[in-house]
Amino acid sequence: MKSRMSTILWKKIRENTFLRGMGQMNDNLEKKPKRIGAFKEFKIFMTEYVQVIMGKKKDLLISLMFPVLAAAIVIWIAGENMFVHYDGTKSGSFVIVSAAIWGGLFNSIQTIVKDRKNIKRNYIAGARIRCYTASRAFVQFVLCIIQSAILTLSYVGVAIVYGNELPETGILTNYPMVEFYISIFLLMYAADAMGIMISCLVKKEEAANVLAPYILIVQLIFSGILFAMEGMADYISYVMISRWGMEALGSIANLNDLPLKIQMTVPTVPHEFESRFDSTPEHLLTVWAVLFGFIVVFLLVGNILLHRVSKDTKG
């Protein structure tokens, strides 16, 4: 069913397009009607999308409950040994990274593709694709802000439930929770932007549903946590947001300074320094910049891909 706001926008664009065409045919028309402004078009699309989300309260509730469930799992499964030793903290960070990526993908991977027919109609009528994708990206941005805050509370839960001590200070600030939050948000929104890009690429909702779990599996495999990355695999891991998410959380958690689990019984076992978890301002800022770069690239590529919608065939 066509949404009311989308119908209104389509009518406005169609009227403007029709009048422009008449203006070219009728020499008596001195001025052509102005095309609807980009910002106004963005607001119409955004308002429409917000109304759609608010109209599906069950789906919205699921989206907001997911990080709550993920945080509970982190606390229950991995929380006891987080910030106690390297292995436990690394495992807990991996669970958080996995949850952030899946949450971001789940948010957006059907956002564009399920509305593809309306997008084509509006685009042919003169709508700007960039206004449409920007409206979706902005609403998803707000959603990720909320979800990331909830997921970040898993660290607070670990401290409350088990009494584990969090890092006293962050790398850039005196507040490690702020740095955890920024890292989780950038990771989740990068995953969300990737979902938007994929949603712009595929033409059927079924294809998006099939791709989602495979994308997550690839991300987790090349995160460098489940398997050692060597040779070509190491190069591939650099284009995985999971790797950079782990680097951010591991650096803030001071993984290099935590004892190995085995060192708690055999203290003589050496703990080799890992540069990917270097707790320095330069390293963390670099990781954040890379994640931000992924967001920009995913959204730009998605916008470019969606311009192909005019070539869609029926059926």
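Which residues do ring pairs link into a cluster? They are Phe39, Phe42 and Phe138. The model in which this cluster appears is a predicted one. In total, the structure holds eleven aromatic pairs. One of them joins Phe294 and Phe298, whose rings are stacked, with 5.7 Å from centre to centre and 25° between the planes. A pair of aromatic rings is described by these two kinds of value, the distance of the centres and the angle of the planes.

The position of the two residues along the chain is also worth following. Phe294 and Phe298 both belong to helix H11, which covers residues 281-306, and they are four residues apart, about one turn of the helix. An α-helix has 3.6 residues a turn, so residues three or four places apart point the same way. Both Phe294 and Phe298 are buried. A ring also takes part in another kind of arrangement: the charged end of Arg243 sits over the ring of Tyr238, 4.0 Å from its centre.

Next comes the interior. The largest nonpolar core has 74 residues, and those with the most contacts inside it include Tyr155, Met194 and Ile241. Among the elements that give two or more residues to this core are helix H2 (38-55), helix H6 (129-162), helix H7 (176-201) and H11. H7 gives the most, with 15 residues. Met194 can serve as an example of the contacts involved: leaving aside neighbours within four places in sequence, Met194 is in contact with Leu105, Ile215, Gln219, Ile241 and Phe298.

Ser93 lies in helix H4, residues 86-108. Ser93 counts as buried because its relative accessibility is 1%, and the cut-off for buried is under 20%. Not counting residues up to four places away in sequence, Ser93 touches Met82, Tyr155, Met246 and Leu249. Met82 is eleven residues from Ser93 along the chain, and the C-alpha atoms of the two are separated by 8.5 Å.

Helix H8 allows a simple check of length. H8 has 17 residues, so at 1.5 Å a residue it should span 24 Å; its end C-alpha atoms are 25 Å apart, which agrees. H8 also bends by about 25° at Leu211, and a proline, Pro213, follows within four residues. The buried residues of H8 are Ala208, Ala212, Ile215, Leu216, Gln219 and Leu220. These buried residues pack against H4, H7 and H10. Two of the H8 residues, Ile215 and Gln219, have already appeared as contacts of Met194.

Note on methods. Residues numbered from 1 in each chain as written. Predicted model: local features only at pLDDT ≥ 70, side-chain atom pairs only at ≥ 80, totals over all residues. Heavy atoms only, no water. Phe/Tyr/Trp six-rings, centres within 6.5 Å; stacked < 30°, edge-to-face > 60°. Buried < 20%, exposed > 50% of the residue type's maximum accessible area, 1.4 Å probe, protein only. Lys NZ or Arg CZ within 6 Å of the ring centre and 35° of its normal. Contact = heavy atoms within 4.5 Å. Core = buried A, V, L, I, M, F, W, Y, C linked by side-chain atoms within 4.5 Å. Expected span 1.5 Å × (residues − 1). Bend = angle between axes of the 7 residues up to and from the residue.
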